[in-house]
Amino acid sequence: GVDVATVMAGRCCCGSLLCAVSAAAALIACLAVVHDGGGGTRGPLDEAFYGAAACGEFGQPRVVATAEGRNISYREYRYENERGTRTADDFAVLYLHPDPLSSLWAAPLSKPASLVSGRLRSLRVVALDRPGVAASSPDPNRRLPDYVHDVLHVVRALGIRRFSVIGHSAGCPHALAVAASPEAVVAGLQRVALIGPPHAGDMSEDALDGMVESNRVVLRMARHHPHAFAAYVKVLPWVVRLAGADAFVKSMLADSPRDLAMVANDTEWRRRFGCAVLEHFSRGGADFCAEVAMLYEPPTQARVLPEPRVPVDVWVGSDDVLTPPRMCARLCDDLNTGSDAGAGACVVHLVPGEGHFSVFATRLHEVVASVLPSP
């Protein structure tokens with residue numbers, strides 16, 4: 001299939017003069033994806049598969065309003081486990097989604113708790129949408145510490161007294177910001193788990209070993225050519241609309257065989273992934289652009305790696321080509337170097353044979369178990 005990200009990034013990265021043709025290049029790439037043998041042969045937006053009725057089965061997110069008048073959307077999942085031995089009614093797991101997905105991606109957490117842990121009779125999971133995603137108000141000028149206030153606002157609004165956080169991919173830096181917040185600890189933060197975390201502090205070739213080239217190009221563009229990257233991201237919603245979510249998802253996962261197999265062979269996962277992509281870009285791509293640029297901007301004295309105040313578990317698939325194992329291990333090493341080992345100790349869990357997204361599906365029970373509160 002055609003890798004839309006590679007086609008577009010290759011043009012944008014050449015310099016600002018070529019950014020004007022990025023939209024045309026994207027449209028050509030999209031048409032190629034739509035009509036190739038392995039891509040999407042469905043019509044625009046894949047109405048039959050990802051249309052409003054199909055995506056509506058996951059329900060609309062709920063909303064809480066901040067004092068500043070912004071909305072934060074979220075989905076809440078609760079499941080029961082008859083074999084559980086204890087309760088934790090005041091505890092919840094907060095899930096921070098990858099990009100370009102949404103709180104829909106946390107829907108697997110609504111499956112029976114026996115798939116997650118036998119320790120609790122019930123578990124409450126709250127999946128948050130970041131600014132500009134789903135029904136969350138845009139906030140393109142935010143910084144990572146700002147998101148801690150969004151998390152704590154939801155925690156207090158929902159009456160949660162103890163909580164742990166699971167960050168996935170682009171959700172990981174946000175989870176680390178929460179982990180480093182004294183205010184979050186006071187509010188009841190217990191533990192943090194990171195699934196496939198990026199490490200913007202180390203973009204060396206050694207740390208990027210194992211990362212697919214198209215992802216390297218996009219990250220370099222975000223760091224070194226922000227205006228070109230902005231033009232690139234502005235076209236992405238049109239990519240999704242023209243090529244269709246199915247073709248976009250296949251293109252996005254083209255270089256990750258394990259992840260592609262997961263969504264290609266399982267209709268439920270495929271529908272959820274595509275609907276989450278559509279929901280992510282439903283307001284356009286401005287906040288997505290701002291977020292990625294923020295996450296991969298060059299480190300400065302004012303922007304250093306947070307020092308976690310709670311234990312951190314890092315989960316990464318051995319076949320992850322988006323945030324490869326070496327990058328995740330470097331992040332954990334750096335966290336341990338800068339943190340009090342008794343408070344924010346970091347441990348890496350390498351999952352054989354899994355990719356960037358499939359590790360969430362196959363090891364979800366272990367990831368959740370790692371953030372449960374102590375008896």
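**Exercise 1. Determine whether Ser 169 is buried or exposed in this predicted model, and describe its surroundings.**

Solution. Ser 169 has a relative accessible area of 12%, and since buried means under 20%, Ser 169 is buried. In this predicted model, the residue is found in the loop between β5 (162–168) and α6 (171–179). The next step is to list its partners: leaving out residues up to four places away in sequence, Ser 169 touches Pro 98, Ile 195, Gly 196, Pro 197, Pro 198 and His 356. With one of these, His 356, the side chain of Ser 169 forms a polar contact of 2.8 Å. The backbone also deserves a look, for Ser 169 has a positive phi of about 55° although it is not a glycine.

**Exercise 2. Examine the backbone at Ala 134 and at the peptide bond from Asp 99 to Pro 100.**

Solution. The background is that most residues other than glycine have a negative phi, and most peptide bonds are trans. Ala 134, which is not a glycine, has a positive phi of about 55°; this residue lies in the loop between β4 and α5 (144–157) and, at 11% relative accessibility, counts as buried. The peptide bond from Asp 99 to Pro 100 is cis, with omega near 0°, and Pro 100 has its place in the loop between β3 (91–96) and β4 (122–128).

**Exercise 3. Place Asp 287 in its helix and find which residues it contacts beyond its neighbours within four places in sequence.**

Solution. Asp 287 belongs to helix α13 (residues 286–295), and with a relative accessible area of 11% it is buried. Beyond its neighbours within four places in sequence, Asp 287 is in contact with Pro 131, Gly 132, Pro 138, Asp 139 and Pro 140. For Pro 140, which is 147 residues away along the chain, the C-alpha separation from Asp 287 is 4.9 Å.

**Exercise 4. Describe how helix α9 packs against helix α10.**

Solution. The axes of α9 (residues 226–243) and α10 (residues 245–252) are 6 Å apart and make an angle of about 120°, which means that α9 is oblique to α10. On the α9 side, Leu 236, Val 239, Val 240 and Ala 243 meet Ala 245, Ala 247 and Phe 248 of α10. Sorted by class, this contact has seven nonpolar residues, no polar and no charged ones.

**Exercise 5. Decide where the coordinates call for caution, using the pLDDT.**

Solution. The protein averages a pLDDT of 77, and 74% of the residues score at least 70. Over residues 1–45, however, the pLDDT is below 50, although this stretch has 73 contacts in the model beyond near neighbours in sequence. Where pLDDT is low, the predicted coordinates should not be read in detail.

How values were computed: Residues are numbered from 1 along each chain as its sequence is written. This is a predicted model: local features need pLDDT of at least 70, side-chain atom pairs count only at pLDDT 80 or more; totals for chains, interfaces and linings use all residues. Side-chain values use heavy atoms; hydrogens and water are left out. Axes are lines fitted to C-alpha atoms, for helices over the stretch in contact, and angles run from 0 to 180 degrees between N-to-C directions. Helices (H or I, at least four residues) and strands (E, at least two) are DSSP runs, numbered from the N terminus. Angles under 35 degrees count as roughly parallel, over 145 as roughly antiparallel, 65 to 115 as roughly perpendicular and the rest as oblique. Contact means heavy atoms within 4.5 Å. Ala, Val, Leu, Ile, Met, Phe, Trp, Tyr, Cys and Pro count as nonpolar, Asp, Glu, Lys and Arg as charged, and the others, Gly among them, as polar. pLDDT is the predictor's confidence in each residue, from 0 to 100. Buried means under 20% relative accessible area, exposed over 50%, partly exposed in between (1.4 Å probe, protein chains only). A polar contact is a pair of N or O atoms within 3.5 Å; within protein, one must be able to donate a hydrogen and the other to accept it, and residues adjacent in sequence count only if both atoms are side-chain atoms.
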